[in-house]
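Reader: I have a structure to read and would like to go through it feature by feature. Where do we begin?

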Amino acid sequence: MKRPMGRWGDREIGRNSCVAPPPHRPIAPSRALSLVLVFLIFSAPAWAISDNAGTANGNFLNLATDARGAALGDSVVSMAEGADAVRWNPAALSGLQEKEVSATDVIYYQGVNVGNIAAAYPLEESALAVDIFYLNPGTLDGRDVLGNPTGSFSFYDLVGSLSYGRKMLSRAEGADVSIGATLKIVQETIAEQSFQNPAFDVGALVSPMDNLNIALDVRDLSMGKADFSRQIIGGASYTIFRVFTGAFAVNYANDAPLRASFGGEYKIPQLNAVVRAGYQTHDSLDSSIDSKIPALRGASLAGLTMGAGLDFKPAMFPTLKLGLDYAMAPFGALGISHTVTVKVKW
């Protein structure tokens with residue numbers, strides 16, 4: 001998971017034009033739009049490669065916005081579900097069966113406040129979702145170019161997202177195929193100045209056989225002056241014995257080395273509970289005595305994540321389903337983050 005505190009760039013980001021091939025037979029407008037999105041996904045690597053690797057900003061966009069995703073990391077790209085699909089793969093919204101609201105609070109390192117609220121609404125073989133994410137590190141000390149104090153100031157990051165996912169093909173037609181897209185409005189406010197820029201994600205999810213999912217997601221393609229870190233994440237997951245799902249993913253970003261993620265989720269049906277763990281190849285972080293758990297101070301464990309979840313139905317509201325998820329992610333020298341997500345479904 002990337003570190004926050006990104007800043008805005010001031011260069012225009014060029015985009016290659018893409019034209020979908022002409023159809024061989026009439027296609028409904030909704031499917032025509034969806035096919036264009038698929039074409040954009042596979043042409044997106046041309047946008048994601050930059051001659052200025054290492055200079056991209058907006059790293060706060062890479063933070064997990066839910067506890068399940070925080071525990072599984074990028075490997076959740078092929079396991080995403082519900083309102084949390086807005087962050088990981090909007091194509092997974094096509095499988096939504098119930099209305100859902102999700103709220104997340106993150107106890108981040110160094111006192112940074114992070115939170116997220118999402119809601120999803122199912123449609124026929126598709127779904128819509130909205131999401132609001134914020135990051136607030138509190139008040140910071142300002143200094144001039146000579147290092148002299150200039151007083152304190154505050155800044156925060158805010159992201160509003162609108163997502164749509166739709167099933168394109170069914171297993172009877174060869175494979176379950178879904179695609180989706182997310183439009184984001186990203187705002188960063190620093191002292192008295194405020195910046196807004198749009199960006200979008202596109203994703204695909206394919207299930208060629210029972211228990212196997214294959215996914216591709218392209219994130220944070222900027223359409224304004226913001227030089228966001230653009231990523232391409234591909235991965236797969238497989239479920240065995242109906243209770244354990246293992247997954248992996250590869251993440252290519254234009255400002256970071258190639259990363260690999262691995263995750264697993266084990267369900268305990270008798271308790272309506274689940275335990276999760278994940279690992280992502282880590283940065284070269286120094287070890288530090290700042291971590292509260294000594295065993296997690298080493299940089300080699302900085303990519304380790306873990307968590308658990310519990311679902312239950314309140315007796316007073318039998319039509320509601322409640323979910324509670326937790327995740328812990330150590331950051332080596334920076335400390336440990338704790339993520340809690342509460343979900344309501346009906």
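Author: We begin with a term: a cavity is a set of grid points where a 1.4 Å probe fits but cannot get out. The model here is predicted.

Reader: How many cavities of 30 Å³ or more does the structure hold?

Author: The idea is general: rolling a probe the size of a water molecule over the atoms shows where empty space is left. In this structure there are four cavities of 30 Å³ or more. The second largest cavity has a volume of about 170 Å³.

Reader: Which residues lie nearest the centre of the second largest cavity?

Author: They are L61, T65, R87, S161 and K184, out of 16 residues in the lining. By class, the lining of the second largest cavity divides into six nonpolar, four polar and six charged residues.

Reader: Which elements each supply at least two residues of that lining?

Author: One helix and several strands do: α4 (85-88), β3 (126-136), β5 (149-169), β6 (176-190) and β8 (212-222). We will meet β6 and β8 again when we come to strand pairing.

Reader: And how do I read a pocket?

Author: A pocket, unlike a cavity, is an open set of points with protein on both sides. The largest pocket has a volume of about 1300 Å³. Its lining has 49 residues, and R68, M79, A80, E81 and K267 are the ones nearest the centre of the pocket. The classes in that lining are 16 nonpolar, 15 polar and 18 charged residues.

Reader: Take R68. Is it buried or exposed?

Author: Buried means a relative accessible area under 20%. R68 has 6% relative accessibility, so it counts as buried. The residue is found in helix α3 (residues 67-72).

Reader: Which residues does R68 touch, leaving out those up to four places away in sequence?

Author: Contact means heavy atoms within 4.5 Å. By that rule R68 touches V76, M79, A80, E81, E265, R276 and D325. Among these, M79, A80 and E81 are also listed with R68 nearest the centre of the largest pocket. There is a link in space to a distant part of the sequence as well: R68 and M306 are 238 residues apart along the chain, yet their C-alpha atoms are separated by 9.0 Å.

Reader: M306 brings us to the strands. How many helices and strands are there?

Author: The chain has four helices and 15 strands. To read strands, ask which ones pair, in what sense, and over how many bridges. Strand β12 (residues 273-280) pairs with strand β13 (residues 304-312) in the antiparallel sense over seven bridges, and A273 stands opposite L310 in β13. Strand β13 also pairs with strand β14 (residues 321-330), again antiparallel and over seven bridges. There M306 stands opposite M328 in β14.

Reader: What about β6 and β8, named earlier?

Author: Both pair with strand β7 (residues 193-209). β6 and β7 are antiparallel over 15 bridges, with G180 opposite G203 in β7. β7 and β8 are antiparallel over eight bridges, with L205 opposite A215 in β8.

Reader: How many residues lie between the strands in the hairpin of β6 and β7?

Author: Two residues lie between β6 and β7, and A191 in the turn has a positive phi of about 55°. The hairpin of β7 and β8 also has two residues between the strands, and there N211 takes a positive phi near 75°.

Reader: Where else do residues other than glycine have a positive phi?

Author: D220 is one of them, with phi near 60°. D220 sits in strand β8 and is buried, with a relative accessible area of 1%. F241 is another, with a phi of about 55°. F241 lies in the loop between β9 (231-240) and β10 (244-253). Exposed means over 50%; F241 has 76% relative accessibility and therefore counts as exposed.

Reader: What share of the whole chain is buried?

Author: Of the 346 residues in the chain, 49% are buried. The accessible surface of the chain comes to about 16800 Å², and 62% of that surface belongs to carbon and sulfur atoms. As for contacts with a separation of 6 or more, 55% are between residues 24 or more positions apart.

Technical notes
Residues numbered from 1 in each chain as written. Predicted model: local features only at pLDDT ≥ 70, side-chain atom pairs only at ≥ 80, totals over all residues. Heavy atoms only, no water. 1 Å grid on protein atoms, 1.4 Å probe; cavity = no way out; pocket = protein on both sides within 12 Å on 5 of 7 lines; lining within 4 Å. Points joined across faces, edges and corners; volume = space filled by probe spheres on them. Nonpolar A, V, L, I, M, F, W, Y, C, P; charged D, E, K, R; others polar. Buried < 20%, exposed > 50% of the residue type's maximum accessible area, 1.4 Å probe, protein only. Areas by Shrake-Rupley, 256 points an atom, 1.4 Å probe, with all protein chains shown as cover. Pairing = 2+ DSSP bridges.
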